[in-house]
Amino acid sequence: MGESETRVLPGLELRVGGGARPRLVGWAAKFNADSLDLGGFVEVIRPGAFTRTLATGTDVRAFVEHNAAMIIGRRANGSLLIHEDADGLHVEIMPADTQPGRDVIENVRVGNLDAMSFAFRVAPDGATWDLKASPPLRELRDVDLLEVSVVSLPAYPATEVAVRDLTAARADQAARYPRGR
């Protein structure tokens with residue numbers, strides 16, 4: 001299986017009320033929206049990209065800044081609710097009363113943290129490439145969701161693995177169509 005990749009998306013809110021612990025609500029991924037340049041290509045996540053992973057009951061975890069030492073939610077214990085809706089990968093996190101939980105709530109409250117991210121691996125045949133598009137376009141249709149995170153930088157970072165994937169896709173196309181079809 002390939003290396004994991006991460007993507008970041010702005011838009012996270014803090015919900016407080018009814019005497020319950022605060023909740024963090026947002027979308028870790030949005031469907032049908034082009035990313036920024038990821039190192040020579042753009043990417044779009046299609047509806048259903050997370051369906052298989054979510055149906056398996058995979059124990060997805062929620063972190064702060066992709067740091068496993070700063071866990072703030074977990075699907076297995078119900079402190080992370082996650083599902084696909086019409087907009088994308090919707091998450092609701094109920095952070096425990098731990099130092100990372102208190103810190104993330106306060107940082108979202110004051111606006112220091114306002115974005116979500118997710119880490120994933122592309123499933124076999126889970127992505128398609130349009131190398132004729134300018135810039136090339138990768139469509140994610142089936143991914144293995146690894147984790148979601150509350151993060152500070154609301155941008156799609158260019159990752160080394162993403163650049164390698166584009167190079168591999170170009171080589172594959174050249175091998176299949178040596179005359180440039």
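Begin by selecting Thr 53, which counts as buried because its relative accessibility is 3%, where the cut-off for burial is under 20% relative accessible area. The model on screen is a predicted one, and the positions visited here should be read with that in mind. Thr 53 belongs to helix α1, which covers residues 51-55. Display its side chain together with Val 143, and a reach of 2.7 Å to the backbone oxygen of Val 143 becomes visible. If neighbours within four places in sequence are left aside, the residues in contact with Thr 53 are Thr 58, Arg 75, Val 143, Asp 144 and Leu 145.

**The whole chain**

Zoom out next and colour by secondary structure, which should bring up three helices and twelve strands. Of the 181 residues in the protein, 40% count as buried. The accessible surface comes to about 9,100 Å², and 51% of that surface belongs to carbon and sulfur atoms. Among contacts between residues at least 6 apart in sequence, 68% join residues that are at least 24 apart.

**The nonpolar core**

Which residues have the most contacts inside the largest nonpolar core? Select Phe 50, Leu 89, Val 104, Phe 118, Leu 145, Val 148 and Val 150, which hold that place in a core of 30 residues. The elements that each give two or more residues to this core are β3 (20-30), β5 (61-64), β7, β8, α2 (99-109), β9 (115-122) and β12 (143-151). Of these, β12 gives the most, with four residues. In soluble globular proteins, nonpolar side chains tend to be buried together.

Keep Val 148 selected and show what surrounds it. Not counting residues up to four places away in sequence, Val 148 touches Ala 28, Val 60, Arg 61, Ala 62, Phe 63, Leu 80, Ile 82, Leu 89, Val 91, Met 116, Ser 117 and Phe 118.

**The hairpin of β7 and β8**

Leu 89 leads on to the next stop, and selecting residues 80-84 and 88-93 displays strands β7 and β8, which pair in the antiparallel sense over five bridges. Three residues join the two strands as a hairpin. To find one of the bridges, pick Glu 84, whose partner in β8 is Leu 89.

**The three-stranded sheet**

Now select β4, β11 and β10, which form an open sheet in the order β4-β11-β10 with mixed pairing. Because β4 (42-45) and β10 (127-130) each have a single partner strand, they stand at the edges, and one side of each is left without a neighbour in the sheet. Neighbouring strands here are turned by 20° against each other on average, with direction ignored.

How do the two pairings differ in sense? β4 and β11 run parallel and are paired over four bridges, whereas β10 and β11 (residues 137-140) run antiparallel and are also joined by four bridges. Strands of a sheet pair through backbone hydrogen bonds, either parallel or antiparallel.

Centre the view on Arg 138 in β11, since bridge partners can be followed from there in both directions. Glu 43 stands opposite Arg 138, and Arg 138 is also the bridge partner of Trp 129. Further along β11, Leu 140 has Ala 127 opposite it.

Are the faces of β11 buried or exposed? Leu 137 and Glu 139 on one side are buried, as are Arg 138 and Leu 140 on the other, and both faces of the strand are thus covered. In a regular strand the side chains alternate between the two faces of the sheet.

**Backbone geometry in three loops**

Most residues other than glycine have a negative phi, and most peptide bonds are trans. The last three selections are worth inspecting against that background.

Start with the hairpin of β10 and β11, which has six residues between its strands. Pro 135 lies in this loop, and the peptide bond leading to it from Ser 134 is cis, with omega near -5°.

Move next to Asn 32, in the loop between β3 and β4. Its phi is near 60°, a positive value in a residue other than glycine, and Asn 32 is partly exposed, with a relative accessible area of 45%.

Finish at Asp 125, in the loop between β9 and β10. Phi of Asp 125 is also positive, near 60°, and this residue counts as exposed because its relative accessible area is 79%.

Technical notes. Residues numbered from 1 in each chain as written. Predicted model: local features only at pLDDT ≥ 70, side-chain atom pairs only at ≥ 80, totals over all residues. Heavy atoms only, no water. Pairing = 2+ DSSP bridges. Axes fitted to C-alpha atoms, helices over the stretch in contact; angles between N-to-C directions. Buried < 20%, exposed > 50% of the residue type's maximum accessible area, 1.4 Å probe, protein only. Contact = heavy atoms within 4.5 Å. Areas by Shrake-Rupley, 256 points an atom, 1.4 Å probe, with all protein chains shown as cover. Core = buried A, V, L, I, M, F, W, Y, C linked by side-chain atoms within 4.5 Å. Polar contact = N/O pair within 3.5 Å; in protein donor to acceptor, adjacent residues only side chain to side chain.
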